[in-house]
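Got the viewer open? Let's walk through this one selection at a time, beginning with a single side chain and working outwards.

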Amino acid sequence: MSQEFMLYIRNAGDAKAALSADEHLAFIKKCETYIGLLRAAGKLIAAQPIVREGYVISKTENAWTQTAIDPANEVQVGYYHITAKDLAEAVEIAKSNPEFEYVPSATIEVRPIKLKEEQTNFVYPK
């Protein structure tokens, strides 16, 4: 039985800025191939790049804080929502991501998705 996992892709700063136009195009094409292979294997639920702009919001007892994301720091740049038989397979899928070939600072966080609350049997919507 398959489980669902999130692959959160992070880069330090604008790591792809050092790529030439040809290298960037080659990277994009390899990502498209990677997505196609995952889709053909029935492993892909969704995948999206994420723009480097945005905010982190938080709340203290009585106030909200909104801090702009600093693209010079490590930022999440995309995600893949996949299925895999277990965490080990999800890690192997992450290891084949083209991000590692083009961005030395790339990291991918691999996390299982909780689909249901055991105590209440609440099933999270898709």
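Select His81 and show whatever it touches: leaving aside residues up to four places away in sequence, you should pick up Glu4, Phe5, Met6, Lys43, Leu44, Ile45, Ala46 and Ile113. You are looking at a predicted model, by the way. His81 is part of strand S5. Is this histidine buried or exposed? Its relative accessible area is 16%, and the cut-off for buried is under 20%, so His81 counts as buried. For a longer view, draw a distance from His81 to Lys116: the two are 35 residues apart along the chain, and their C-alpha atoms are separated by 17 Å.

**Next door: Tyr80**

Now step back one place and select Tyr80. What does Tyr80 touch, once residues up to four places away in sequence are left out? On one list of partners are Phe5, Met6, Leu7, Ile9, Cys31, Tyr34, Ile35, Leu38, Leu44, Ala46, Ala47 and Asn97. Phe5, Met6, Leu44 and Ala46 may look familiar, as His81 touches them too.

**The nonpolar core**

Keep Tyr80 on screen and add Leu7, Tyr34, Leu38, Leu44, Ile82 and Ile93. Together with Tyr80, these are the residues that touch the most other members of the largest nonpolar core, which has 22 residues. Colour by element and you'll find that strand S1 (3-12), H1, S2, S5 and helix H2 (87-95) each put at least two residues into this core. Which of them gives the most? That would be S5, with five residues.

**Over to strand S6**

Select Ile108, which sits in strand S6. With a relative accessible area of 17%, Ile108 is buried. Show its surroundings and you get Leu7, Tyr8, Ile9, Ala94, Asn97 and Phe100, again without counting residues up to four places away in sequence. Leu7, Ile9 and Asn97 are also touched by Tyr80. Then draw a line from Ile108 to His24: they are 84 residues apart in sequence, and C-alpha to C-alpha the gap in space is 19 Å.

While you're in this part of the chain, look in the segment after strand S6 (107-112) for Asn121. What is the sign of phi at Asn121? Positive: the angle is near 65 degrees, and this residue is not a glycine. As a rule, most residues other than glycine have a negative phi.

**A stop on helix H2**

Select Val91, a residue of helix H2. Val91 is partly exposed, with a relative accessible area of 30%. Measure across to Arg111, 20 residues apart from Val91 along the chain, and the C-alpha atoms turn out to be separated by 9.2 Å.

**The pocket**

Now turn on the surface and look for the largest pocket, which has a volume of about 330 Å³. It is lined by 16 residues, and those closest to its centre are Phe27, Cys31, Gln48, Pro49 and Val77. Where does the lining come from? Helix H1 (21-40), strand S2 (44-49) and strand S5 (74-84) each supply at least two residues, and H1 has the largest share, with five. Colour the lining by residue type and you'll see ten nonpolar residues, four polar and two charged. Cys31 is worth a second click, since you've already met it as one of the residues Tyr80 touches.

Finish here with Pro49, in strand S2. Pro49 is exposed, with a relative accessible area of 69%. Beyond residues up to four places away in sequence, Pro49 touches Val77 and Gly78. Tyr79 is 30 residues apart from Pro49 along the chain, with 6.5 Å between the C-alpha atoms.

**Zoom out**

Deselect everything and switch to cartoon. You should count three helices and six strands, running β-α-β-β-β-β-α-α-β from the N terminus. The C-alpha trace spans about 50 × 45 × 20 Å along its principal axes. Of the 126 residues, 28% count as buried. The accessible surface comes to about 8,600 Å², and 56% of that belongs to carbon and sulfur atoms. As for contacts with a separation of 6 or more, 74% are between residues 24 or more positions apart.

Technical notes. Residues are numbered from 1 along each chain as its sequence is written. This is a predicted model: local features need pLDDT of at least 70, side-chain atom pairs count only at pLDDT 80 or more; totals for chains, interfaces and linings use all residues. Side-chain values use heavy atoms; hydrogens and water are left out. On a 1 Å grid over the protein atoms alone, a cavity is a set of points where a 1.4 Å probe fits but cannot get out, and a pocket is an open set with protein on both sides within 12 Å along at least five of seven lines; lining residues have an atom within 4 Å of a point. Grid points are joined across faces, edges and corners, and a volume is the space filled by probe spheres set on the points. Helices (H or I, at least four residues) and strands (E, at least two) are DSSP runs, numbered from the N terminus. Ala, Val, Leu, Ile, Met, Phe, Trp, Tyr, Cys and Pro count as nonpolar, Asp, Glu, Lys and Arg as charged, and the others, Gly among them, as polar. A nonpolar core is a set of buried Ala, Val, Leu, Ile, Met, Phe, Trp, Tyr and Cys residues joined through side-chain atoms within 4.5 Å. Buried means under 20% relative accessible area, exposed over 50%, partly exposed in between (1.4 Å probe, protein chains only). Contact means heavy atoms within 4.5 Å. Accessible areas come from the Shrake-Rupley method with a 1.4 Å probe; for residues, only the protein chains shown count as cover.
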